Amino acid sequence: VYLYASGSLVFQLKKRPPDYQARKGRKDDKGLRGKDGLMPPEKLPYLVELSPGRGNHYAYYAYRHQEDGSDSRDKPKLYRLQHSITEVGSDCTEDGAIQLLGPGILPHHCNLMHSEGMVTVTPHGPDADTFVDGQRITETTVLRSGSTLQFGSAHVFKFVDPMFDQGGKRDPNAAMRSRHKSGSVPETTFDLRGDVHSGAALPASKSSGKLEMERGMVKPMIRGEQQDSSRSQDPSADRTELTLPASIDFRENSEDTFLSAIINYTNSSTVHFKLSPTYVLYMACRYVLSPTYRPDMSPSERTHKVIAIVNKMVSMMEGVIQKQKNIAGALAFWMANASELLNFIKQDRDLSRITLDAQDILAHLVQMAFKYLVHCLQADLNNYMPAFLDDPEEHNPQRPNI
């Protein structure tokens, strides 16, 4: 039921989607509400801004919560959805409405309805550009936690339902599928030690699986609570979640040739996907860890074999960095691959425990490649802009000035 400001009352009857699952504990929802009958803000579903260039966006939320970070332009906007209709549009300025300004936004663009544990979005007309998971919608659509929601051509949000994430059933692969549908590109950022960083910090302790889905990274072997049997009574479900989307096999007697082809003979200037060595090397490690590689090996022998092959990879990577220490493009390429390989190994629950020495060397290689890269760029600058690197305190009449 929708009651618009103009006084018109509109009823819509929609079938629930076939895969809809009611949230657990619906009867106990009242116990989650406060004395005034309202749910606490942290339990409400919300939209969090994913739009690029947050510092100069046009969004304004008429119902501003300081705890949401909505008073800071440096943080993504977060909009809580109360148990009512939330209007979205350029002319929507009432309390609880979301005012958006920009290309493709209509004065009354669409309505978000939060009722009975479901949130739906209804475009205000055929011209209201509204997209769910990259698909344009023209009628009322149920939102699922993790879906992306786009208004116009510039405003992109992620829909999150804390109640659903905490207590409801969910498909562990749904978030990954929605990312592929929307065409977003997975991105990884990390420091020299290989620690993962993202724009929105997520707790790494009790939500490692959630962290993987949030970042869209290929890190199926995650340490920590996935090993906790209390999280799932069905062990086969965990095995499904821990399956890599690709695999690689190599002959044991060709191991050195295989690794050399990946590390020593990859042309950093022509390879299309710049992190391809990392992905291939990581899949090779997973292959050695699997029973497919030498089924007769004991667990102890397999562990020693994995350590040996990782050490060999790291040693070859150090050699190629030393060999190309005067080529800036190659240094940047291998600095990125060493850092990403370190990140993959640290996040893998099997490799992380047994490759501590290799992790230290990889962290050193990242810094070494960076140092060589700085020297290369300083040499180029010194050839063409020597004054740019001069100490301003030293007055040398023979040198050109800026």
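Helices (H or I, at least four residues) and strands (E, at least two) are DSSP runs here, numbered from the N terminus. With that in hand, Arg 294 can be placed in the loop between H7 and H8. Everything below is drawn from a predicted model.

**Figure 1. The whole chain, with its well-predicted and poorly predicted parts.** Start with the overview: the protein has 12 helices and 16 strands. Of its 402 residues, 40% count as buried. The accessible surface adds up to about 22900 Å², and carbon and sulfur atoms account for 53% of it. If you look at contacts between residues at least 6 apart in sequence, 57% of them join residues at least 24 apart. Mean pLDDT is 75, with 64% of residues at 70 or more. Residues 53-73 stay under 50 in pLDDT, and the model gives them 46 contacts beyond four places in sequence. The stretch 196-240 also has pLDDT below 50, with 77 contacts in the model beyond near neighbours in sequence.

**Figure 2. Arg 294 and Glu 252, a salt bridge between two loops.** Arg 294 pairs with Glu 252, and their closest N and O atoms sit 2.8 Å apart. Arg 294 belongs to the loop between helix H7 (276-289) and helix H8 (299-323), while Glu 252 belongs to the loop between helix H5 (235-241) and helix H6 (255-263), so the pair ties together parts that are 42 residues apart in sequence. How exposed are the partners? Arg 294 is partly exposed, at 30% relative accessibility, and Glu 252 is partly exposed too, at 38%. While you're zoomed in, check the backbone of Arg 294: its phi is near 50°, a positive value in a residue other than glycine.

**Figure 3. Glu 255 and Lys 305, a salt bridge between H6 and H8.** The side chains of Glu 255 and Lys 305 meet here, at 2.8 Å from N to O. Glu 255 is in helix H6 and Lys 305 in helix H8, so this pair links distant parts of the chain, 50 residues apart. Are these two charged residues buried or exposed? Glu 255 has only 4% relative accessibility, so it counts as buried. Lys 305 is buried as well, with a relative accessible area of 19%; the cut-off for that label is under 20%.

**Figure 4. Asp 350 and Arg 286, plus a salt-bridge network.** Asp 350 and Arg 286 form a salt bridge through their side chains (3.1 Å, N to O). Asp 350 comes from the loop between helix H9 (328-347) and helix H10 (351-354), Arg 286 comes from helix H7, and the two are 64 residues apart. Asp 350 is partly exposed at 23% relative accessible area, whereas Arg 286 is buried at 12%. Elsewhere, Glu 255, Asp 256, Lys 305 and Lys 312 are joined into one network by salt bridges that share partners. The structure holds eight salt bridges.

**Figure 5. Two nonpolar cores.** In soluble globular proteins, nonpolar side chains tend to be buried together. The largest core in this model has 47 residues, and Ile 321 and Leu 362 make the most contacts inside it. Each of H6, H7, H8, H9 and helix H11 (356-384) supplies at least two of its residues. H11 brings the largest share, 10 residues. A second, separate core has 18 residues, among them Leu 100, Leu 112, Leu 149 and Phe 151. Which residues does Leu 362 touch, leaving aside its neighbours within four places in sequence? Leu 362 is in contact with Val 314, Met 317, Ala 338, Leu 341, Leu 342 and Ile 345.

**Figure 6. The buried residues of H6.** In H6, the buried residues are Glu 255, Phe 258, Leu 259, Ser 260, Ile 262 and Ile 263. They pack against H7, H8 and H9.

**Figure 7. A nonpolar surface patch.** Tyr 384, Met 385, Phe 388 and Leu 389 make up a nonpolar patch on the surface, together offering about 470 Å² of accessible area. Tyr 384 is part of helix H11. With a relative accessible area of 70%, Tyr 384 is exposed.

**Figure 8. Asp 133, a non-glycine residue with positive phi.** Asp 133 isn't a glycine, yet its phi is positive, about 55°. Asp 133 sits in the loop between strand E10 (130-132) and strand E11 (135-136). At 14% relative accessibility, Asp 133 counts as buried.

Note on methods: Residues numbered from 1 in each chain as written. Predicted model: local features only at pLDDT ≥ 70, side-chain atom pairs only at ≥ 80, totals over all residues. Heavy atoms only, no water. pLDDT = per-residue confidence, 0-100. Contact = heavy atoms within 4.5 Å. Salt bridge = Lys/Arg side-chain N within 4 Å of Asp/Glu carboxyl O. Buried < 20%, exposed > 50% of the residue type's maximum accessible area, 1.4 Å probe, protein only. Core = buried A, V, L, I, M, F, W, Y, C linked by side-chain atoms within 4.5 Å. Patch = residues over 30% accessible without salt bridge, like charges linked within 9 Å, V, L, I, M, F, W, Y side chains within 5 Å. Areas by Shrake-Rupley, 256 points an atom, 1.4 Å probe, with all protein chains shown as cover.
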